[in-house]
Amino acid sequence: MTAVLTDDKIPNNVNLGGDKRLQRALEAWQPQFIDWWKQMGPVGWQDRDIYLRTAVSVETEGWAHFDYVKMPDYRWGIFLEPKQAGRTHGFGDFHGEPVWDEVPGEHRNMLRRLIVTQGDTEPASVEQQRDLGATAPSLYDLRNLFQVNVEEGRHLWAMVYLLHTYFGRDGREEADELLRRRSGDADKPRILGAFNEPTSHWLSFFMFTMFTDRDGKYQLSALAESGFDPLARTCRFMLTEEAHHMFVGETGVQRVVKRACELMKQDPNGDPRAHGGIDLPTIQKYLNLWYSLSLDLFGGEVSSNAADAFAAGLKGRYKEDRYDEHKLVGSHFAMDVLEGGKVVHKDVAMRNALNEVLRTEYIKDCQRGVDRWNKTIRDEGIAFELRLPSNKFHRQIGMWADCSFTPGGELIDGAGFTAQRGEWLPDESDERYIKSLMQPVYEPGKMASWIAPPNKGINGLPNEFVYVKP
Ligand code: BYC
């Protein structure tokens, strides 16, 4: 294991050259990936020089290199964090036993399902965002979009490496399927709900990278605890790249919010729409939409799948080492459940509640981001507060999916929800308005009317740097 990538056809730090069969299999998959990228990746821009970050090592310091690169030439590679000698299972039934370097036979299917589900989200998000390059609000944002896209492509490589290396023929078939499913396709959709939703403009892109990529942070953190060591080591390195994606989302929305406030102050009626901005109530609707879609990604509130994955040592909790108890036999989690058509607060066996435990950590993290947006609004002197809706609002997965709730968490009937839906979630007129604002701005340093400039550029460069060459 080396920290620095080799210069092979497929950059890697896993000594791919030492396993000729695997190398050949991945070299056969590579052109399929490039075909998929050309067919389903960003529309246009493929022959442009883009100022991108490429991972060149897994050292904490200096792991990334910034330079101009054309997207199809991006060095998609395979990185695993170095192996920790003597690492043991951190949770579940095998707690304290040495971690596995091979797939445990009795948990093979469950492990493959987790890896495939994780892998499926990566190309899905690239597909969802493929048209956004036509309407970027600045070159800075255009470059950030492509950075996110190429790294999601690399995260797909990470999961495909695991499938090819550890799952034989069915792993290779699953890797091929990852390139065959298509986001939003009626016949061959992506696996998880949110990854089939259209991300048709930049407000949705920023909400997606704020809320959906943050699900990625929590899911990857839970998999980074895995007792299947290659998965843990892969996910740890993916988390290094993921932080920038959430930065793009959180600061993207923050800049839209700031611009809304500035324009409100300029307008006699306090209406940012009069000056080509996005009003705060509309921003709240998109927040409600993407947050609720992302909550679904944690699965059912009470889940035997989650219990099984924990027991088997495959998927842990967020930062498992913060906890004292790692077997969770006989412990409970107090949470809301639906009983006889009513919401009741009660204890649920901890292992079965683990999706909700992870979702609860995620919600706290989202709240910290929303607090920062509200500080921007306060600093601008505007009286308005953005809010996370209830975790029961607009759910399509789990126990709240069959009922209707207000954003405040009040149980209402379906007709009541339908009547007020347009106040809570974007409707066609909101979509039309937001899309009407999406005019590209490609002059260095310039911004679209609806978004404030970033506080600073990428890699210490100024905002007016030419992030994408003409
Ligand atoms: N949509 O026991 P249940 C990221 C299915 S994002 C559709 O309630 P479980 C990224 C479930 O598959 C992170 N179906 O839940 C972000 C199961 O189906 P089967 C991605 C859903 O299994 C941005 C059934 O419902 N990583 O990295 O405990 C850009 C009952 O399931 C959904 C992972 O998700 C849904 N939302 O938990 C790029 C980690 N939710 O098997 C990338 C790996 C549930 O009965 N995946 N179902 O047919 C997992 O850990 C689990 O599969 C889940 C579901 C947390 C997703």
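The following paragraphs lead through selected features of this predicted model, from a charged surface patch to salt bridges, polar contacts and backbone geometry.

The surface offers a starting point. Lys20, Arg21, Arg24 and Arg172 together form a positive surface patch. Helix α1, which spans residues 20–40, supplies the largest share of this patch, namely three residues. One member of the patch, Arg21, is located in helix α1. With a relative accessible area of 63%, Arg21 is exposed, because a residue counts as exposed when this value is over 50%.

Beyond helix α1, the chain enters the loop between α1 and β1 (50–55), and Trp45 is found there. The backbone at Trp45 has a phi near 70 degrees, which is a positive value in a residue other than glycine. Most residues other than glycine have a negative phi. Trp45 has a relative accessible area of 15% and is therefore buried, the limit for that class being under 20%. A second residue with a positive phi is Leu328, where the angle is near 60 degrees. Leu328 belongs to the loop between α8 (304–311) and β3 (332–339). Its relative accessible area of 5% places Leu328 among buried residues.

Salt bridges give a further view of how the chain is held in this model. In total, 42 salt bridges are counted. In one of them, the side chains of Lys83 and Asp229 meet with an N to O distance of 2.8 Å. Lys83 sits in the loop between β2 (64–69) and α2, whereas Asp229 is part of helix α6, so this pair ties together parts that are 146 residues apart in sequence. The two partners can also be described by their exposure: Lys83 is partly exposed, with a relative accessible area of 41%, while Asp229 is buried, at 1% relative accessibility.

Another salt bridge links the side chains of Glu177 and Arg180, with 2.9 Å from N to O. Arg180 is partly exposed, its relative accessible area being 44%. Helix α6 takes part in a further bridge through Lys265, whose partner is Glu380; the closest N and O atoms of this pair are 2.7 Å apart. Lys265 lies in helix α6 and Glu380 in the loop between α9 (354–379) and β5 (404–405), so the bridge ties together parts that are 115 residues apart in sequence. Lys265 is partly exposed, at 49% relative accessibility, whereas Glu380 is buried, with a relative accessible area of 15%. In addition to these pairs, Arg214, Lys217, Glu250, Asp365, Arg368 and Arg372 are joined into one network by salt bridges that share partners.

Helix α6, which covers residues 229–266, also contains Thr240. A polar atom of the Thr240 side chain lies 3.5 Å from the backbone oxygen of Arg236. Thr240 has a relative accessible area of 28% and is partly exposed. Thr240 also illustrates how sequence separation and spatial separation can be read together: Thr240 and Ala55 are 185 residues apart along the chain, and their C-alpha atoms are separated by 9.9 Å.

Gly133 provides another such pair of values. Gly133 and Asn352 are 219 residues apart in sequence, and the distance between them in space is 42 Å, C-alpha to C-alpha. Gly133 is located in the loop between α2 (108–128) and α3 (139–166). At 1% relative accessibility, Gly133 counts as buried.

The last stop is helix α7, formed by residues 280–295, in which Ser294 has its place. Which residue does the side chain of Ser294 join in a polar contact of 2.9 Å? The partner is Thr212, and the contact runs between the two side chains. Ser294 is buried, with a relative accessibility of 0%.

How values were computed. Residues are numbered from 1 along each chain as its sequence is written. This is a predicted model: local features need pLDDT of at least 70, side-chain atom pairs count only at pLDDT 80 or more; totals for chains, interfaces and linings use all residues. Side-chain values use heavy atoms; hydrogens and water are left out. Patches are made of residues with over 30% relative accessible area and no salt bridge: like charges are joined within 9 Å, nonpolar side chains (Val, Leu, Ile, Met, Phe, Trp, Tyr) within 5 Å. Accessible areas come from the Shrake-Rupley method with a 1.4 Å probe; for residues, only the protein chains shown count as cover. A salt bridge is a side-chain nitrogen of Lys or Arg within 4 Å of a carboxyl oxygen of Asp or Glu. Lys and Arg count as positive and Asp and Glu as negative; His and the chain ends are not counted. The place of a charge is taken as NZ of Lys, CZ of Arg, CG of Asp or CD of Glu. Helices (H or I, at least four residues) and strands (E, at least two) are DSSP runs, numbered from the N terminus. Buried means under 20% relative accessible area, exposed over 50%, partly exposed in between (1.4 Å probe, protein chains only). A polar contact is a pair of N or O atoms within 3.5 Å; within protein, one must be able to donate a hydrogen and the other to accept it, and residues adjacent in sequence count only if both atoms are side-chain atoms.
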